[in-house]
Amino acid sequence: MGCDPAGLLPRVHERLEAWQRQDLRSYCCCVVLPLVICGGAYTSLFYGFGVLMLPIRDEFHAGARWSVATGSPVYVGSLMLFASSCVGTLIGGRMAGRPDDTSGRWLRYACFGGTIMFCVGLVLSAVAMQHEQLWLLYVGCSLIAGLGTGGIYMSNMVSALVHFRAAGFPGLGSGLVGCIFGLWPVAFATSWPSLSGEVGTPGGFLVVAGLVFVLSLPPSFLLRLPPPQIAPTESAQEDANSIHGASATSVEGTEIG
């Protein structure tokens with residue numbers, strides 16, 4: 001398995017594959033959905049970025065370097081969305097498996113690598129705010145964290161789409177993932193005032209980074225594709241890309257508004 005995270009849990013994956021072959025529907029409910037819930041933690045900040053514009057501005061002395069009128073806080077979030085979409089386009093073709101990848105190795109690669117990049121990006125963003133380095137905020141949040149979200153998104157979305165399609169519920173997977181990815185930003189937006197009041201905006205970024213890292217480890221090690229004999233004949237990454245593009249457009253419009 002090379003560097004595949006699943007190589008650390010061979011017996012677990014053997015049991016998961018046996019469960020997939022025996023009862024894929026229960027596998028979708030008991031394994032796929034909980035993994036997507038964990039993997040969706042990154043959307044708390046990714047899709048909830050609108051609540052951060054004013055707190056971020058205040059870290060740079062209340063508009064000394066930018067203001068809401070200039071749109072600079074929006075650019076940070078919008079560029080993060082753009083970077084995420086680019087990654088989804090580049091790696092989407094590998095997510096649904098290949099002849100040499102029938103278990104979902106690239107799902108785990110993308111989720112684990114994306115998690116590391118996202119968390120490193122948030123740590124750099126916190127440092128940028130503490131030291132008032134605007135360029136570092138763009139590098140950390142817009143570029144590095146943005147690229148990481150693309151890997152986390154594609155891996156979790158494709159895994160859910162192909163499993164639910166193979167189980168006979170082709171539309172349910174995307175609907176449930178959309179619901180889960182929408183609930184995290186709501187929880188983030190309602191809890192942010194209390195969190196930032198306790199630890200400040202840079203500290204809040206560090207807390208989110210830690211939370212995402214811990215919650216994204218299970219999908220990084222356990223995401224799978226359905227066994228080849230029961231995998232759907234149609235590819236799911238096109239669905240994931242289209243949904244991601246629609247979500248990015250919607251969220252960007254919300255931020256600008």
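Trainee: How do you know that helix H5 (residues 72-95) has a reach close to what is expected?

Mentor: Helix H5 has 24 residues and reaches 34 Å from its first C-alpha to its last, which is close to the 34 Å expected at 1.5 Å a residue (1.5 Å times one less than the number of residues). This is a predicted model, in which local features need pLDDT of at least 70, side-chain atom pairs count only at pLDDT 80 or more, and totals for chains, interfaces and linings use all residues. Residues are numbered from 1 along each chain as its sequence is written, and side-chain values use heavy atoms, leaving out hydrogens and water.

Trainee: What span would a straight helix of 51 residues have, and what does H8 span?

Mentor: At 1.5 Å a residue, a straight helix of that length would span 75 Å, whereas the end C-alpha atoms of H8 are only 21 Å apart. H8 also bends by about 110° at Gly200, with Pro202 following within four residues, while H5 bends by about 35° at Thr89 (the angle between axes fitted to the seven residues ending there and the seven starting there).

Trainee: Why is the contact of Arg21 with Glu17 called a salt bridge?

Mentor: The closest N and O atoms of Arg21 and Glu17 are 2.9 Å apart, so the pair meets the rule (a side-chain nitrogen of Lys or Arg within 4 Å of a carboxyl oxygen of Asp or Glu). Both residues lie in helix H1 (residues 10-22), four residues apart, which is about one turn of the helix.

Trainee: What makes Arg21 count as buried, exposed or partly exposed?

Mentor: Arg21 has 43% relative accessibility, so it counts as partly exposed (buried is under 20%, exposed over 50%, partly exposed in between, with a 1.4 Å probe and protein chains only). Glu17, at 28%, is partly exposed as well.

Trainee: How do you know that Glu17 forms a salt bridge with Arg224?

Mentor: The closest N and O atoms of Glu17 and Arg224 are 3.7 Å apart, so this pair also passes the cut-off. The link joins distant parts of the chain, since Glu17 is in helix H1 and Arg224, 207 residues away, is in the loop between helix H8 (172-222) and helix H9 (237-256). Arg224 has 5% relative accessibility and therefore counts as buried.

Trainee: How many salt bridges does the structure hold?

Mentor: There are three of them, and one joins Asp58 to Arg57, with closest N and O atoms 3.3 Å apart. Asp58, at 41% relative accessibility, is partly exposed, and Arg57, at 22%, is partly exposed too. Shared partners join Glu17, Arg21 and Arg224 into one network.

Trainee: Why is the pair of Phe46 and Tyr47 called tilted?

Mentor: The structure holds nine aromatic pairs. In this one the ring centres are 4.8 Å apart and the planes are at 50°, so the pair is tilted (ring centres of Phe, Tyr or Trp, the last by its six-membered ring, lie within 6.5 Å; planes under 30 degrees apart are stacked, over 60 edge-to-face, the rest tilted). Phe46, with 1% relative accessible area, is buried, and so is Tyr47 at 16%. Phe188 and Trp192 form another tilted pair, 5.4 Å centre to centre with 45° between the planes.

Trainee: Where do Phe188 and Trp192 lie?

Mentor: Both belong to helix H8 and are four residues apart, about one turn of the helix, and both are buried.

Trainee: Which residues form one aromatic cluster?

Mentor: The cluster consists of Tyr42, Phe46, Tyr47, Phe118, Tyr153 and Phe181.

Key:
Helix = DSSP H or I, 4+ residues; strand = E, 2+ residues; numbered from the N terminus.
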